[in-house]
Amino acid sequence: MGAAFLASWPWENLGMFKYALYGPLVGRAVASRAWERGSADHWLFLLLALFALRALTYQLWSSYSNMLFLTRRRRIVRDGVDFEQIDKEWDWDNFLILHILIASAAFYAVPSLRRLPGWEARGLIVAAILHVALTEPLYYLAHRAFHRGRLFARYHALHHSSRVPTPFTAGFATPLEHLVLGALAALPLAGACAAGAGSAGLAFVYVLGFDFLRAMGSCNVELFPAGIFRAAPLLRYLLYTPTYHTIHHTGKRSNFCLFMPLFDRLGGTLNAASWELQEKNRAGMDEVPDFVFLAHVVDVMQSMHVPFVMRSFASTPFAVRAFLLPCWPISLLFMFMVWAWSKTFVICYYHLRGKLHQTWAVPRYGFHYFLPFAKDGINDQIELAILRADKMGIKVVSLAALNKNEALNGGGTLFVNKHPDLRVRVVHGNTLTAAVILNEIPKGTTEVFMTGATSKLGRAIALYLCQKKIRVMMMTLSTERFQKIQKEAAPEHQQYLVQVTKFRSATQCKTWIVGKWLSPREQRWAPPGTHFHQFVVPPIMEFRRDCTYGKLAAMRLPKDARGLGSCEFSLERGVVHACHAGGVVHFLEGYTHHEVGAIDVDRIDVVWEAALKHGIRPA
């Protein structure tokens, strides 16, 4: 059996090219200078502005909904929005294209609409009366009809397939449903125009108010203080709440109204627990995570790669996109604001085997870590986050990238030594990072060349490889640091560690382990066919076409991780940096020690096997 009539969008296969459907309207507006009040097409400018504001309304509500540092206590459905739901709702704005095409057709069909005054106060009264008398009851009846039999199966089930309500869920429906909704929303405006009280201002106020309330109802965050409804009980029947609508979205058997619960009361479909649940959700609940990954911002562009800025963008691996450029000045201002006033805050979360895992962000950018005067402030932020986690009862805090920099805090040693009674385990995760790199090296390799060889990771990799009787050419100018590492190896293995000071020493070695930035000129010393394994941040430029480049050490989370909806920097969906995964392993295994400072080489294989046991796989 084919798809039901008006159950799919005609432009659903166009992808981003669907926005070309706005082209004729935009072209006409530009050609006629529609933004000028004297233009005959000024109505077209207002129409395009209205629909831009409609899209912005949903986007702002989505941003607010994802600001976990403000909303996490009052979230109604506690699960995260996963990649599957994000992909389903990707084209949530299809209905705006439909509505603007219908609206522009109406303006052409009824020329008098093009000459509406800017504002007419009577129109607001007429529209309010018609909304209550027509739009609300007709929507209630239509909504109940869409919950019956074939109408639900062929149309409305799509909307309810989104498990967690979001502002974009409000737009996620079939063309037939949006035709009905659009017609009902147009009734008050048409009535006001017929009464001679229509105006452009009324269209803006009513339509944006309509969208505001729809997005609010699906935001999954309870907003209204319970005291409002206790002080004015009748208000319960005049305005719904996010909790009220969420009860409908998850249960499907009650609370069918548009915005006014009065019609559920009259129709006998009002859920009796609505107000009790509303009070409970408004009071909020602190959900303590078991594991926290303490990240930091990379740069101004990457700061926009978070769900509360653009959910869809955050759900894909980070890359600089053209649409980010206009937002750069705002992001730069945001950087200065968080630098001056912010403390560590929650970015995203997921659940793994019934336990809550969160990512917190230290409000510092990559370049801050290289400013000598910023060092103490960064450590204070990290320390406060660890103490907060300890007070909350969190089990493990894993430090990301620069937050565990050896020169900054000794790989976390500073905090453990300063607070010896910490109950939370502090983990740098570098043991698993080393394991990932080592397990990428092909079997049968007899020789490697390594830069960053005397770093924390470089030391561990070198000592591990020499135990396997693999010759390690350690690129370093410091004989003292080289000899210190060499002496840690067993006497029979020390011969496999060789200090080199020039890149020409590696012209015959095809396995390079890069822990320090390599310029294109330095990469030229590698022979054709070389593979560059990397633990340098940021990754080196892929300059050589006759060589291959490994990605940063990363692991794929287990398949039973729920609520994953954002990518970790440039990594693929479901993949996290090895230091993140190392913290997860530390928690799942119930290790009681801190993993800070130097890497215990003897534990590299232990941690690797533990990761595989828990379903954490190489990316």
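**Two covered helices, and the chain around them**

Let's start inside helix α23, where the buried residues are A578, C579, H580, A581, G582, G583, V584, V585, H586 and F587. Keep in mind that this is a predicted model. Those residues make up 10 of the 12 in α23, so the helix is largely enclosed by the rest of the structure. "Buried" here means under 20% relative accessible area.

From its first C-alpha to its last, α23 reaches 16 Å, close to the 16 Å expected at 1.5 Å a residue. Just after the helix comes G590, which has a positive phi, near 70°.

Now hop over to α19, which spans residues 430-440. This helix is mostly covered too, with 9 of its 11 residues buried. They are N430, T431, L432, T433, A434, A435, V436, I437 and L438. And what lies over them? The cover includes our starting point, α23 (578-589), along with the helices α20 (456-467) and α24 (604-613). Strands join in as well: β9 (511-514), β10 (531-534) and β12 (554-556) are also part of the cover.

Time to zoom out. The protein chain has 24 helices and 15 strands, and its C-alpha trace spans about 95 × 55 × 55 Å along the principal axes. Of its 619 residues, 53% count as buried. Among contacts with a separation of 6 or more, 69% join residues 24 or more positions apart.

Finally, the outside: the chain's accessible surface comes to about 28400 Å², and 62% of that belongs to carbon and sulfur atoms. As for charge, there are 66 positive and 45 negative ones, and their mean positions are 2 Å apart.

Definitions and conventions. Residues are numbered from 1 along each chain as its sequence is written. This is a predicted model: local features need pLDDT of at least 70, side-chain atom pairs count only at pLDDT 80 or more; totals for chains, interfaces and linings use all residues. Side-chain values use heavy atoms; hydrogens and water are left out. Buried means under 20% relative accessible area, exposed over 50%, partly exposed in between (1.4 Å probe, protein chains only). Helices (H or I, at least four residues) and strands (E, at least two) are DSSP runs, numbered from the N terminus. Contact means heavy atoms within 4.5 Å. The expected span of a helix is 1.5 Å times one less than its number of residues. Accessible areas come from the Shrake-Rupley method with a 1.4 Å probe; for residues, only the protein chains shown count as cover. Lys and Arg count as positive and Asp and Glu as negative; His and the chain ends are not counted. The place of a charge is taken as NZ of Lys, CZ of Arg, CG of Asp or CD of Glu.
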